[in-house]
Amino acid sequence: MIEDLFSEGPHSNQPPGDDALSTTETDLQRETLADFLGVSADRITRSSGRLYGYPAYYCDGEQAYLVLSEDEAEQAARKAISERVWVIALESIFEYFGIDAYPSDAIETIGKEPLFHVNDELRAIIHRTCGMDTLASRMLELGNRPNILADFDQREHRHQDYCIYRLF
């Protein structure tokens with residue numbers, strides 16, 4: 001059995017998400033992803049947990065995707081910005097100064113626990129200054145949704161009525 005990487009842990013600040021997804025909607029998302037990948041729908045499984053409030057879908061347990069409507073993609077990106085403000089900050093600093101490093105290097109060096117605290121502190125600063133809505137709106141206006149949601153390739157794929165993002 002596949003370990004579900006999207007189950008929410010004790011440090012998750014994620015809201016519960018849209019638990020009202022119907023079986024029909026889930027089946028449609030599975031079928032859409034299968035069609036997009038050119039595989040049979042029985043190779044696609046839904047995660048038991050959620051990422052940014054929405055279930056992920058696995059193909060053969062080796063690749064993970066978000067399959068979202070336009071509105072869901074917008075909501076998920078806004079949640080992701082809040083949850084990953086530390087990543088955005090580090091990427092911006094590294095890019096600004098031309099440093100060849102990635103936020104994942106921080107995880108390898110210090111672990112995840114300190115980054116939860118850093119994220120909380122950065123969110124507090126943003127809330128007390130411009131506000132998270134302002135930051136999220138500006139990032140999304142600049143076309144950053146694929147960079148935020150598609151960890152694997154930073155690409156948004158449109159298929160049928162859905163936006164598909166590869167996670168890994």
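Two strands are treated as paired if DSSP finds at least two bridges between them. Helices (H or I, at least four residues) and strands (E, at least two) are DSSP runs, numbered from the N terminus.

This is a predicted model, in which local features need pLDDT of at least 70 and side-chain atom pairs count only at pLDDT 80 or more, while totals for chains, interfaces and linings use all residues. Residues are numbered from 1 along each chain as its sequence is written, and side-chain values use heavy atoms, with hydrogens and water left out.

**Whole chain**

Start with a cartoon view. The protein has seven helices and five strands, in the order α-β-β-β-α-α-α-α-α-α-β-β from the N terminus. Of its 168 residues, 39% are buried; buried means under 20% relative accessible area, exposed over 50%, and partly exposed in between (1.4 Å probe, protein chains only). A contact is a pair of residues with heavy atoms within 4.5 Å. Among contacts between residues at least 6 apart in sequence, 61% join residues at least 24 apart.

Switch to a surface view. Accessible areas come from the Shrake-Rupley method with a 1.4 Å probe, and for residues only the protein chains shown count as cover. The total is about 9,700 Å², with 51% belonging to carbon and sulfur atoms.

**Strands β2, β3 and β5**

Select residues 63-68, which are strand β3; five of its six residues are buried. Add residues 56-59, strand β2, which runs antiparallel to β3 and is joined to it by four bridges. Cys59 lies opposite Gln63 of β3. The two strands make a hairpin with three residues between them, and Asp60 in the turn has a positive phi of about 55°.

Next add residues 162-166, strand β5, which pairs with β3 in the antiparallel sense over four bridges. Here Leu66 has Tyr165 as its bridge partner in β5.

**The cores**

Keep Leu66 and Tyr165 selected, and add Tyr52, Leu68, Ile81, Ile148 and Leu149: these have the most contacts inside the largest nonpolar core, which has 26 residues. Such a core is a set of buried Ala, Val, Leu, Ile, Met, Phe, Trp, Tyr and Cys residues joined through side-chain atoms within 4.5 Å. At least two residues of this core come from each of β2, β3, α2 (70-83), α3, α6 (132-141), α7 (145-149) and β5. Helix α2 gives the most, with five residues.

Centre on Ile148. Neighbours within four places in sequence aside, its contacts are Ala77, Ala80, Ile81, Arg84, Met139 and Leu140. A second, separate core has 10 residues, including Leu33, Val39, Val67 and Tyr162.

**A surface patch**

Now select Ile93, Tyr96, Phe97 and Ile99, a nonpolar surface patch with about 480 Å² of accessible area together. Patches are made of residues with over 30% relative accessible area and no salt bridge, with like charges joined within 9 Å and nonpolar side chains (Val, Leu, Ile, Met, Phe, Trp, Tyr) within 5 Å. A salt bridge is a side-chain nitrogen of Lys or Arg within 4 Å of a carboxyl oxygen of Asp or Glu. Tyr96 belongs to helix α3 (residues 85-97), and it counts as exposed because its relative accessibility is 66%.

**Two loops with positive phi**

Most residues other than glycine have a negative phi. Select Gln154, in the loop between α7 and β4 (157-159). Gln154 has a positive phi of about 55° and is partly exposed, at 39% relative accessible area. Finish at Gln160, in the loop between β4 and β5. The phi of Gln160 is positive, about 55°, and this residue is exposed, with a relative accessible area of 52%.
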